[in-house]
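Student: I should like to learn how burial, helix packing and backbone angles are read from a structure. May we work through one together?

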Amino acid sequence: MTAPLFGIVTDGGLDAYGGLNNAVPVAPFSVTFGETSYRTDELSREALFRELATNPAHPTSSQPTPQDWLEAYRRAGTRDVLAVTISAGLSGSRNAAEQARSLAGADVAVTIHDSRTLSAAQAFQVHAAATAAARGETLETAVAWMEAVAQETELYFTIETLEYLRRGGRIGRVQATLGGLLDLKPVITVDKATGTYTNVGRARSYRGAIVAVADRVTRTYAEGTPLRLGLLYGNEPADADTLLDVLAARHPIVWSGTAGVNPVLNVHTGPRALGVAAAPGPWPWER
């Protein structure tokens, strides 16, 4: 195998998939309940759900520190490093990555790429970069592949309650679109222009919201289009199975993977959440 010309690192905005090239160093976020903080690489999903159910303090999240990023750069094991961040419209992680770059010195050359998304869609971009590295491609090629993946990928998700987004101050355009009717279940995406959450649909029940997510995917790519799917679930794995069944009845599925939403993202969605990153056909470099 060709030796990689660069390494890839990312942050805790990633929801990783075993079936993708997602095994890269991660600069973790932190989750705080009251006076107790946990690094998200030390907090299991099960422990988070216990805290959400029993801890009266509303959790908050913190971006990786510059030192966290610096450690990730060093773990990459290469002089040239490509850092893929969660959308700067959702987190200050990119700023911390930039601060770490200035601390890294001449021994490390860091290129920072804002994914302008998160979660499964971020995983798709990390996969593109890591595939390029594994094939001996240049860093410039990796960025081009990530941009091609970003252009064709959409991320949609729904949540059982808006309460966690509201408490975390991230509800913004979602609440405005719903008109304050908090009993409705939203279908949310990340606006590619701003890198922030926006609402693109609604439903009166959670089951209806799962179908509404599928409807957005089919509306975007047209029924019958082959799809790659990165499915996501909160505390109910069966939700992802339900969404896959609905989409498989409309589209040939080229690839699918399932992952639990990581703790830092679950802090903002609440325990029950369902999402999907969708893209058409094979990967851009396979066409």
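Tutor: Let us begin with a cut-off: a residue counts as buried when its relative accessible area is under 20%, and as exposed when that area is over 50%, with partly exposed in between. Please note also that this is a predicted model.

Student: Is L90 buried or exposed by that cut-off?

Tutor: L90 has a relative accessible area of 12%, so it is buried. The residue is found in the loop between β6 and α3. From L90 to T194 there are 104 residues in sequence, yet their C-alpha atoms are 9.5 Å apart in space.

Student: What is the relative accessible area of A129?

Tutor: The value for A129 is 0%, and the residue is therefore buried. A129 is part of helix α4. Leaving aside residues up to four places away in sequence, A129 touches F6, I8, L82, A142 and M146. By contrast, A129 and D241 are separated by 112 residues in sequence and by 28 Å between their C-alpha atoms.

Student: Let us turn to single helices. How many residues does helix α3 have, and what does it reach from its first C-alpha to its last?

Tutor: Helix α3, residues 93-104, has 12 residues and reaches 16 Å, close to the 16 Å expected at 1.5 Å a residue. Its buried residues are S93, A96, A97, A100 and A104. Viewed down the axis of α3, these buried residues fall within an arc of 100°, so they line one face of the helix.

Student: What covers the buried residues of α3?

Tutor: The covering elements include β1 (7-11), α2 (66-76), β6 (80-85) and β7 (109-114). After α3 comes G105, with a positive phi near 80°.

Student: Which residues of α9 are buried, and where do they lie around the helix axis?

Tutor: In α9 the buried residues are D239, A240, L243, V246 and L247. They fall within an arc of 125° seen down the axis of α9, and so they line one face of the helix. These residues pack against α8 (206-221), β11 (227-233), β12 (253-260) and β13 (273-280). As to its span, α9 (residues 237-248) should cover 16 Å with its 12 residues at 1.5 Å each, and the 17 Å between its end C-alpha atoms agrees.

Student: How is the packing of two helices described?

Tutor: The description rests on the angle between the two axes and the distance between them. For α2 and α3, the angle is about 60° and the axes are 8 Å apart. The two helices are therefore oblique to each other. Their crossing is right-handed, and the contact involves P66, W69, L70 and Y73 of α2 together with S93, A96, A97, Q99, A100, R101, L103 and A104 of α3.

Student: At what angle do the axes of α4 and α5 cross?

Tutor: The axes of helix α4 (residues 119-134) and helix α5 (residues 139-152) cross at roughly 150° and come within 8 Å. Angles over 145 degrees count as roughly antiparallel, and α4 and α5 are therefore described in that way. This crossing is right-handed. On the α4 side the contact is made by F124, Q125, A128, A129, T131 and A132, and on the α5 side by A142, W145, M146, V149 and A150.

Student: What are the angle and the axis distance for α8 and α9?

Tutor: α8 and α9 pack at about 45°, with axes 10 Å apart. At that angle α8 is oblique to α9. The crossing of this pair is right-handed. The contact is formed by Y206, R207, I210, V213, A214, V217 and T218 of α8, and by D239, T242, L243, V246 and L247 of α9.

Student: Finally, what sign does phi have in most residues other than glycine?

Tutor: In most such residues phi is negative. R116, however, is a residue other than glycine with a positive phi, near 60°. R116 is placed in the loop between β7 and α4, and its relative accessibility of 35% makes it partly exposed.

Student: What is the phi of A222, and where does this residue lie?

Tutor: A222 has a positive phi of about 75°, although it is not a glycine. The residue lies in the loop between α8 and β11. At 41% relative accessibility, A222 counts as partly exposed.

How values were computed: Residues numbered from 1 in each chain as written. Predicted model: local features only at pLDDT ≥ 70, side-chain atom pairs only at ≥ 80, totals over all residues. Heavy atoms only, no water. Helix = DSSP H or I, 4+ residues; strand = E, 2+ residues; numbered from the N terminus. Expected span 1.5 Å × (residues − 1). Buried < 20%, exposed > 50% of the residue type's maximum accessible area, 1.4 Å probe, protein only. Arc of directions from axis to C-beta. Contact = heavy atoms within 4.5 Å. Axes fitted to C-alpha atoms, helices over the stretch in contact; angles between N-to-C directions. Parallel < 35°, antiparallel > 145°, perpendicular 65-115°, else oblique. Left-handed = near helix turned anticlockwise from the far one by under 90°.
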